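Welcome! Take a moment to look over the sequence and the model, and then let us walk through them together.

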Amino acid sequence: MFIFIKIIQILIIPVLSPLGIGLVRKIKAHFQNRKGASVFQPYRDLWKLFHKDEIISKDASWIFKIAPFIVFTVTLAVAVSIPIFSTVFSDFFVSDILYIVYLLSFGTFFLALAGLDSGSPFGGFGSSREMTLSALAEGGFIFSLLVLVLISKFTNLFAISGFIAASYGQFILPILLAFIGFFIVLLAETAHYPFDNPATHLELTMIHEAMILEYSGKRLALMEWASANKFLIFISLGANLFFPWGITGDGGFVSILVSLLIYLIKILFFYSVIAVVESSIAKFRFFRLPDLLVVAFILDIIAISLIK
Amino acid sequence: MIEFITSFNGFVLLFLLLIIGATGSLVFRKHDSWANYWNSFFSIISSLWGLIFSVFVFIGSRNLFFSFKNPFFSIFNISFSVDSLAAFFIFVISLIALFCSIYGIGYLKHFYKKYDIGFFGFFYNLFIVGMLLVVTASNGIFFLIAWEIMSVCSYFLVVYDHHDINNVKAGFLYLVMTHIGTSFIIIAFLLLYKFTGSFEYESIRSASLFIPVYIKNLVFLSAFIGFGIKAGVIPFHIWLPSAHPAAPSHVSGLMSGVMIKVGIYMMIRFFLYLLQPIPAWWGLVLLIIGSISAVLGVLYALTEHDIKRLLAYHSIENIGIILLGLGGSLTFLSLGYPNLSLLSLTAALFHTINHAIFKSLLFLSAGSVINQTHTRNMEKYGGLIKYMPQTAIFFLIGSMAISALPPFNGFFSEWLTFQSLFQGIALLDYTAKWIFVISAGALAFTGGLALACFVKAFGLTFLARPRSKEVFLAKESSFSLRFGMGALAILSLLFGIFSGYVSSIIKKIGQDLGLTYNNFSFSNISFHQDLSINNFSFVSGSKVFVLLLGIFVVVWVIIRYIINKNQKITRGDTWDCGTNLKPRMEITATGFARSIITIFKKVLKPSIQQEIEYHDVDSRYLTKSRKVILTVSDIPQDYFYDPFAKIIVIFSRYVANIQSGNINTYILYIFITLLGLLFFVK
């Protein structure tokens, strides 16, 4: 049974993440009066890319070659460390909040280096912008999770999730404020509006897509998949830390099935909200983005002052 | 054997070896290579001995104390004391000195025929002697002598490459600043002497209860300024970014990795040992200064494109992080939480050794690059990973460690620092709580900015296409350089994976200083194989490492050998939009950091100055040359040092009025002074 839970835990993020991307695209297409591709299109894209030959720049070094594997590995390592449908792994030694934050930075580090490595001006500027945003987002990210730490007196994600599920009512205001902060960071870290446009390669302020511009074939597939994973990781953190309703505390078959179902509904809701946000606001000018990230940080600080 | 190692003879042997190394290299100074080998051999041997000595003292928990009474001058005894704190610092000094010395064998070769190697070896060995004496001295006056040996020797090492006038200037600034620091330290010791009647640490400690509070505060301020200057804390840092780059790279590694930590050692010695009990605001001051140092340090680092200055600013940042741990420790102790104080001190000391390892690694790899390209300007690098593949890996590991990426060592000490700050936020009230919040925020932003800075440092040095001709001529460094760097790189991974063991050993230092467990519910700190703070936080270096490695291997095998085994890889050009891609089209170090500088323009005050020269001044159409100067301002320099220097100059002008040049006048001055003295002294 325990093995069974673990396998689901490891597979669920990479299996579901392309579906999420497909879903967001479908909803956006609906807003744009298009029919849009099937929600399963990202799976077909990945399959196709995995079976293609690839071209690697002559200027690129082994960093460029290894980066997609590292970035993808990091997202999987984070995926097994976060609460998804059950809090039974609460003594897991790799589920610390800071560990999650810095492990995601590990991926960002190699992503940015890969952007620089081919010597393309696009990649270089993409890396510069990515590092600028992720540097500023880190404070908001850590502090939004810190609010939950101060409420629950744990830094372990599973324990936080379990504690907040049990005693939600008392702390509703700080949790909501921290969640708004977290949501802003989510949009920044996962390259969504108003920070970045995930749909295009050729826009002046592109960030994530600029860094992976030189990739093709299986490495592109890994990069795309990793970014989909990261998106779902952030959504799962938002859903299960700030709104941990329905997350099960035991390892029974039925309760896991129920909480899995609730988890699916929650992430469906999150994806829809992000798709609506993306369809309804414009992208910000690059130098206005720090304001938004500082707002996230300040909301977290207010939330901290409201605890007790 | 153990008896011998931890005896007085064993202790003296440590210094004897270094002094033989120092004098011997002066003797052999006519032969560059003899002097080099002699000096390196003895510094390596003595470092190894230092490692053995400190480990045995530490494990055996022997507090060694030797004292020699001075028959003529009763306040000046030569006394040594090696407790676990001192042993820990001997270990750090020896560890870094060992690898820097190995690196030095090969690195010094490019100074042959240009400079005197014997002279270098003399000061290099004495510099290590100075540092070892500082951490083992147990008498104020003896300490000051050791402190001066350390400072003066490091000054001579900074100006070693004296053909470059900038190095001489940097050395002078260093000499001035370090002596201002020494004068503050002298004030601290004199105040202590006045109220305790002794320069011996033991007597000061036992009499510290009788020191009036305002005197204690004065001692705190002057000691903090004095040691803060040596540690490079902002606003006392101005010497550091110019002096560290000026020295030969392995000396920079030693200075940045170890010497500035000696300032931290003395702060611990003063505040946690000599002056107990202490008021709470001392710790809070340390937290605030630490936050400022950390954030400003990394911001200034981002603006740099001189690779060694960039690293030097990161030393300021990391000293700030260490101060966050130390400040937390002092605050917790004075507010009555000795167990949390222990946690914070462990974080500070763990970060001390981690920073020593990865910062010296980074300086050594930077030195390896500079040695090949003959420039420190990052704009002239690019693509070095293909010419110096191993140096690139070492620099990459150093970058990941300093950016606190798991599973390297930097992450675990920053993690501990974060935990201690979180505990403070959860536990304390009012002002103290908010200072802890600010500190945690500063640490969070510092982490993010450091990551950006090291993407810049590594990416623009080693990746993409070469941006100057020098890069094409670069070759991988010689074995001794690679050995020094490689060993430190491995250590920085090992200290991460075994962070639990290491911090449980370091915890003992705090316990020896009297920080013990209480029956306090929230945090019985237990470090086993994994780092854990009871029921609050857990993280495990080894599990993180195994998890990452395991997933990586599985992903690699599945993708490479199952899904994508038949596909070809072709090498092509980077997409160039139909133009010819030139090295000048790549992003530069200045460009990379420019958006962050623009965002922080209120703090950094960037300025652009354009100088255009025209062919015809009247028509102003055809430009002959264009020059753009980008600068950022240094706040402490602009608002503190420059005005201060101006005031001194103005004051000196007034004082100069009494200098008439007439001897009779001077004799009159002497006469008046004499009369005055007779009157006052009676």
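## Before we start

A residue counts as buried if 20 or more other C-beta atoms lie within 10 Å of its own, and as exposed if there are 12 or fewer. Keep that in mind as you read, and remember too that this is a predicted model.

## Chain A as a whole

How much of chain A is buried? Of its 308 residues, 61% are buried. The chain holds 11 helices and one strand. Reading from the N terminus, you meet two helices, then the strand, and after that helices to the end of the list: α-α-β-α-α-α-α-α-α-α-α-α.

The C-alpha trace of chain A spans about 55 × 45 × 45 Å along its principal axes. A compact globule of 308 residues would have a radius of gyration near 19 Å, and chain A agrees with this because its own value is 19 Å. Contacts across the sequence fit into the picture as well: among those in chain A between residues at least 6 apart in sequence, 78% join residues at least 24 apart.

## Two loop residues in chain A

Two residues of chain A are worth finding in the viewer. A:Asn33 sits in the loop between α1 (2-31) and α2 (41-50) of chain A. Its phi is positive, about 60°, although A:Asn33 is not a glycine. Is A:Asn33 buried or exposed? A:Asn33 has 6 C-beta neighbours inside 10 Å, so it counts as exposed.

Now turn to A:Ala191, in the loop between α7 (172-189) and α8 (208-211) of chain A. A:Ala191 is not a glycine either, and its phi is positive, near 60°. Here the surroundings are of another kind: A:Ala191 has 20 other C-beta atoms within 10 Å and is therefore buried.

## Where chain A meets chain B

The two chains touch through 64 residues of chain A and 63 residues of chain B. On the chain A side, the elements that give two or more residues are β1 (54-57), α3 (62-79), α4 (97-117), α5 (121-152), α9 (217-242) and α11 (289-306). The largest share comes from α5(A), with 18 residues. Sorted by class, this side of chain A has 35 nonpolar, 17 polar and 12 charged residues.

Strands take part in the meeting too. β1(A) runs parallel to strand β6 (residues 569-572) of chain B, and four bridges join them. Which residue of β6(B) is the bridge partner of A:Ile55? That partner is B:Thr570.

## Two helices of chain B

Helix α5 (residues 117-136) of chain B has 20 residues. From its first C-alpha to its last, α5(B) reaches 29 Å, close to the 28 Å expected at 1.5 Å a residue. Of these 20 residues, 19 are buried, so α5(B) is largely enclosed by the rest of the structure.

Helix α9 (residues 213-231) of chain B has 19 residues and reaches 26 Å between its first and last C-alpha, close to the expected 27 Å. Its buried residues include B:Phe220, B:Phe224, B:Phe227 and B:Ala231. Among the elements that cover the buried residues of α9(B) are α7 (165-196), α11 (249-274), α12 (280-303) and α13 (307-334) of chain B.

## Turns of the backbone in chain B

Just after α9(B), B:Gly232 takes a positive phi of about 80°. Follow the chain onward and you reach a cis peptide bond from B:Ile234 to B:Pro235, with omega near 15°. B:Pro235 belongs to the loop between α9 and α10 (240-246) of chain B.

Another cis peptide bond joins B:Pro406 and B:Pro407, where omega is about 0°. B:Pro407 lies in the loop between α15 (389-402) and α16 (409-427) of chain B.

## Domains and a strand pair in chain B

The domain assignment of chain B gives domain 1 (279-565 + 586-597), domain 2 (600-633) and domain 3 (637-681). The centres of domain 2 and domain 3 of chain B, taken over C-alpha atoms, are separated by 44 Å.

Finally, look at strand β7 (residues 607-614) of chain B, which pairs with β8(B) in the antiparallel sense over eight bridges. One of the residue pairs to look for is B:Tyr614 with its bridge partner B:Thr623 in β8(B). How many of the nine residues of β8 (residues 623-631) of chain B are buried? The count is zero, and β8(B) is hardly covered.

Terms used: Residues are numbered from 1 along each chain as its sequence is written. Chains are lettered from A and ligands numbered from 1 in the order in which they are written. This is a predicted model: local features need pLDDT of at least 70, side-chain atom pairs count only at pLDDT 80 or more; totals for chains, interfaces and linings use all residues. Two residues are in contact if their C-beta atoms, placed from the backbone, lie within 7 Å. Ala, Val, Leu, Ile, Met, Phe, Trp, Tyr, Cys and Pro count as nonpolar, Asp, Glu, Lys and Arg as charged, and the others, Gly among them, as polar. Two strands pair if DSSP finds at least two bridges between them. The expected span of a helix is 1.5 Å times one less than its number of residues. Domain bounds come from an automatic or database domain assignment. The radius of gyration is taken over C-alpha atoms; the globule rule is 2.2 Å times the number of residues to the power 0.38.
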